[in-house]
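Student: Could you take me closely through the sheet of one chain, and through the helices that lie on it?

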Protein chains: 2
Amino acid sequence: MMEKIYIIGVGLIGGSLALDIKRLHPKCTIFGIDHNEEHLKEALSLNIIDAKAIINDIANADLVIVAIPVNVTVKQLPEILDKVGNDTLVIDVGSTKEDICEAVKNHPKRRNFLAMHPIAGTEFSGPSAAIHNLYKGKTNIICEVEDTAFKLQEKALILFNEIGMRIRYMKPKAHDKHIAYVSHLSHISAFMLGKTVIEKEKNERDIFDMAGSGFESTVRLAKSSPEMWAPIFEQNKINVIETLEEYIHNLKQFKEFMEKDDFEAVFREMKETNHIKEILKGIA
Amino acid sequence: MMEKIYIIGVGLIGGSLALDIKRLHPKCTIFGIDHNEEHLKEALSLNIIDAKAIINDIANADLVIVAIPVNVTVKQLPEILDKVGNDTLVIDVGSTKEDICEAVKNHPKRRNFLAMHPIAGTEFSGPSAAIHNLYKGKTNIICEVEDTAFKLQEKALILFNEIGMRIRYMKPKAHDKHIAYVSHLSHISAFMLGKTVIEKEKNERDIFDMAGSGFESTVRLAKSSPEMWAPIFEQNKINVIETLEEYIHNLKQFKEFMEKDDFEAVFREMKETNHIKEILKGIA
């Protein structure tokens, strides 16, 4: 039964899920909850949600999707579980999983909750960034599936299958460790690249005329929302610092090869990384 | 008059120029010169070139395009100029300009030469990577235009206009300094990001299942050709090392903010870089 669906946080991630669910289940009602009144209005006018709601309305929800910054999720998830009915499925979509799972570990309604991380998104944010089929063919990592009630597991998996997501199961600890490498570090590398170039070229804006699609691609993630990302880095602090240390070490070594005029080593460093081509072929 | 055109280096950059020129001037003959016999065969079979040639054939060329690694350009450009006729236009497309311009500064045929850097490309290489309209709407930086003969300047500008490139004039020194920021640094950041993740995850290949389009975008340039890029970094060593120092400094500072639990500073770092959005809007 998917009749009453509540999206808490009607931005890129929550809004895109709303669009997919509405298309698949045209008869359901999608309610939006957001502390940002402008976003709610926008989501309504874009037909991402059918109606506004408040947090106390979720008692009769079939599905609640929590798509807010991860620090807020940690705080609010227990209260959300407090309020839902016995058959409500509550899903969170945060980019960290350890602290979120920990926050509801002993909650009496733990079995109403499914922790997941759909690996999808764009560098844009807010309801206007929501798009259809954002999740099609994308990986969805589910954590601690065994702690979710059977019936609700099944309900969730049917929905994810309809949406077209590929499911992978992981422990929260492993998720956070590996996602630091394949997602969180990319964001920092892009932000700091953007910062380095802007600092240098701030008085020569027309220099960006020289920038090509390569620069655009490498720096794209620096458009991402700091409101979403600062809490992610905070929650995944230990893993992210480790990735940063390794990244900085590799950059320093590359610089040292250049300083020593060892361009054979510079060449080798790149050649050995070139097989990222084959690795990336697996990514849509 | 554009009848006989010689492309030295029939890869992504030279091959894509060949495709555009042939489309615009169907009656011209495009000759390919390459030390890689396989690439010549491939370029022929893909109709990128009409015939193979050798370096001594260029005496009667209307246009010679030099699209080979920048270290080879520095070595061979004087010999190429030695061989061409009085009305031949010789263009190089290298990603560095200072050493190349220096190499032919006092050459008796200096006025037959135009130094340029079209800011276009993809992460692929070789003749099979050549595509139509790669240069359309892209910036083409011309250096030391006043050192090229008037008639040949004109011939070149007509061609670039037909191809659809936007022209910018710069001094070689300024070109090399700024391009280190908006292009060369991006490549190193991508290569080292790829290296860091591959090193970490080498025993867990299925981890790349977790990588999304964000990672793909940030690491895309790590597919680039080391044969092209090692000589670029060597020629632009001083500028590139400077950009790397600033980039590493910024990454270390970000890491220190995280270590000190100063997530307000982490937020601010990202927020201040967010206006890269507006800057990137100018890039096609």
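Tutor: Two strands are taken to pair if DSSP finds at least two bridges between them, and helices (H or I, at least four residues) and strands (E, at least two) are DSSP runs numbered from the N terminus. This is a predicted model, in which local features need pLDDT of at least 70, side-chain atom pairs count only at pLDDT 80 or more, and totals for chains, interfaces and linings use all residues. Residues are numbered from 1 along each chain as its sequence is written, while chains are lettered from A and ligands numbered from 1 in the order in which they are written.

Chain A averages a pLDDT (the predictor's confidence in each residue, from 0 to 100) of 95, and 98% of its residues score at least 70. Its open sheet has 8 strands with mixed pairing, in the order S3-S2-S1-S4-S5-S6-S7-S8; strand S3 (51–52) and strand S8 (166–170) of chain A are the edge strands, each pairing on one side only. Within this sheet, strand S6 (residues 113–118) and strand S7 (residues 139–143) of chain A run antiparallel and are joined by 4 bridges, and His117(A) stands opposite Ile141(A) in S7(A).

Helix H5 (residues 150–163) of chain A packs on the sheet, touching strand S5 (89–92), S6, S7 and S8 of chain A, where contact requires C-beta atoms, placed from the backbone, to lie within 7 Å. The direction of H5 makes about 55° with that of S5(A), axes being lines fitted to C-alpha atoms, for helices over the stretch in contact, and angles running from 0 to 180 degrees between N-to-C directions. Helix H1 (residues 12–24) of chain A lies across strand S1 (4–8), strand S2 (29–33) and strand S4 (63–66) of chain A, running at about 165° to S1(A).

How values were computed
Contact = placed C-beta atoms within 7 Å.
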